[in-house]
Amino acid sequence: MNTPREPGSEAPPSLAVVIVTHNSADTVPDTLVDVAKQLRGGDELVVVDKSSTDATPAAVRVAAPGARVLEQLRNTGFAAGCNTGAAATSAPLLLFLNPDARPAPGCLDALRRTAVESPAWGAWQALVTMDGGRQINTAGNVAHFLGMGWAGRCGEPVSEAPRARIDVDFASGAALVVRREAWERVDGFEVAYFMYGEDLDLALRLWSAGWAVGVEPNARVEHEYEFAKGERKWFLLERNRWWTVLSDYPAALLALLLPALIGAEIALIAMAARGGWLRAKLASQAAVLRELPSILRRRRKVQAGRTATAIDFARHLSASLESPYLGGLWRRDRVRTMQRAYWSSARALLEAAHFTRGR
């Protein structure tokens, strides 16, 4: 387990800013200009380009001549790109930033200060805004006990955002800082995810290993956010959700949730049929079955590094499915009541088991 330092007066550590691009020539130059203005001595700036066809690397070199550009011949995904960028740098803090996420003035300094003033945090995000800074994109993400995650408080006025640092279920990968020691402790992002859900998985593994995860509201990033639906996205979201649940959840919690997970699969198949993404849903189930040996190998490794109890792990999961991107089924009063009752019962059983073992 990590041993957090006491907050002190030491200078904020340097940052390695990692930006993963793919056909991002229209957006990444503005982001790079805003980043470059905020870099300090010892900082690093790396752009990992995933086989762009729109001259993104050339646009990067013009906008940020001091950036290191790593051109990849194949697009192996966001998670793999982040891991490549992290391995190519040495600063004690890693800042993963989307190519269309522009940091406001003072953002990077606020993120650095957090490293000193919140030593228990292994990862934290900036307050991510949209609509010209008027609305929240995410003020810390929400994780449901079924393994689903979404942008917390998305669409609310920025005036409603937290004013002080708070712990969150998981931090958004759009503007995410991770301590290198925590990153290396849990082996970074899982490259099998390709994209979507890797930030939730990382946070759950950090919580399991004894680190906390939060949001720094004094650091702001403007993001060109749009929840673009499509078969490929639904496939990745659903496949990666099962990777997360089967890898990260403690055995006691997984056993208690099995009936709910099976019931949710039936509901999701019906929802997918109505929504036009049934083929993607069925393909995700087939992929999980095919990849089960790899998932179980990963599970053994993740669980071997877990220091948090099952009930402590469960405290970072929610019973509310208030995501605006899921169907109305999940927001019906009866369904919400059933979810809360099920989750309350599961947590009570975990508490009882923990108390019995502790006696």
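Guide: Contact means heavy atoms within 4.5 Å of each other. The model is predicted: local features need pLDDT of at least 70, side-chain atom pairs count only at pLDDT 80 or more, and totals for chains, interfaces and linings use all residues. Residues are numbered from 1 along each chain as its sequence is written, and side-chain values use heavy atoms, leaving out hydrogens and water.

Visitor: Which residues does Gln303 touch, not counting those up to four places away in sequence?

Guide: Gln303 sits in helix 10 (helices, H or I of at least four residues, and strands, E of at least two, are DSSP runs numbered from the N terminus). At 17% relative accessibility it counts as buried (buried is under 20% relative accessible area, exposed over 50%, partly exposed in between, with a 1.4 Å probe and protein chains only). With residues up to four places away set aside, Gln303 touches Ser247, Asp248, Tyr249 and Pro250.

Visitor: How far apart in space are Gln303 and Trp124, C-alpha to C-alpha?

Guide: In sequence, 179 residues separate Gln303 and Trp124. In space, their C-alpha to C-alpha distance is 23 Å.

Visitor: What arc do the buried residues of helix 10 cover around the axis?

Guide: Residues three or four places apart point the same way because an α-helix has 3.6 residues a turn. In helix 10, the buried residues are Ile295, Arg298, Arg299, Val302 and Gln303. They lie on the same side of helix 10, since their arc (taken from the directions from the helix axis to the C-beta atoms) is only 130 degrees.

Visitor: Which residues are exposed on the other side of helix 10?

Guide: The buried residues of helix 10 are covered by elements including helix 6 (198–208), helix 7 (231–248), helix 8 (251–275) and helix 9 (278–290). On the other side of helix 10, the exposed residues are Arg300, Lys301 and Ala304.

Visitor: Is Asn23 in a loop or in a helix, and between which elements?

Guide: Asn23 is not a glycine, yet its phi is positive, at about 50 degrees. With 34% relative accessibility, Asn23 counts as partly exposed. Its place is the loop between strand 1 (15–21) and helix 1 (28–36).

Visitor: What is the relative accessibility of Asp187?

Guide: Asp187 also has a positive phi, of about 70 degrees, and is not a glycine. The residue lies in the loop between helix 5 (180–185) and helix 6. Asp187 counts as partly exposed because its relative accessibility is 46%.
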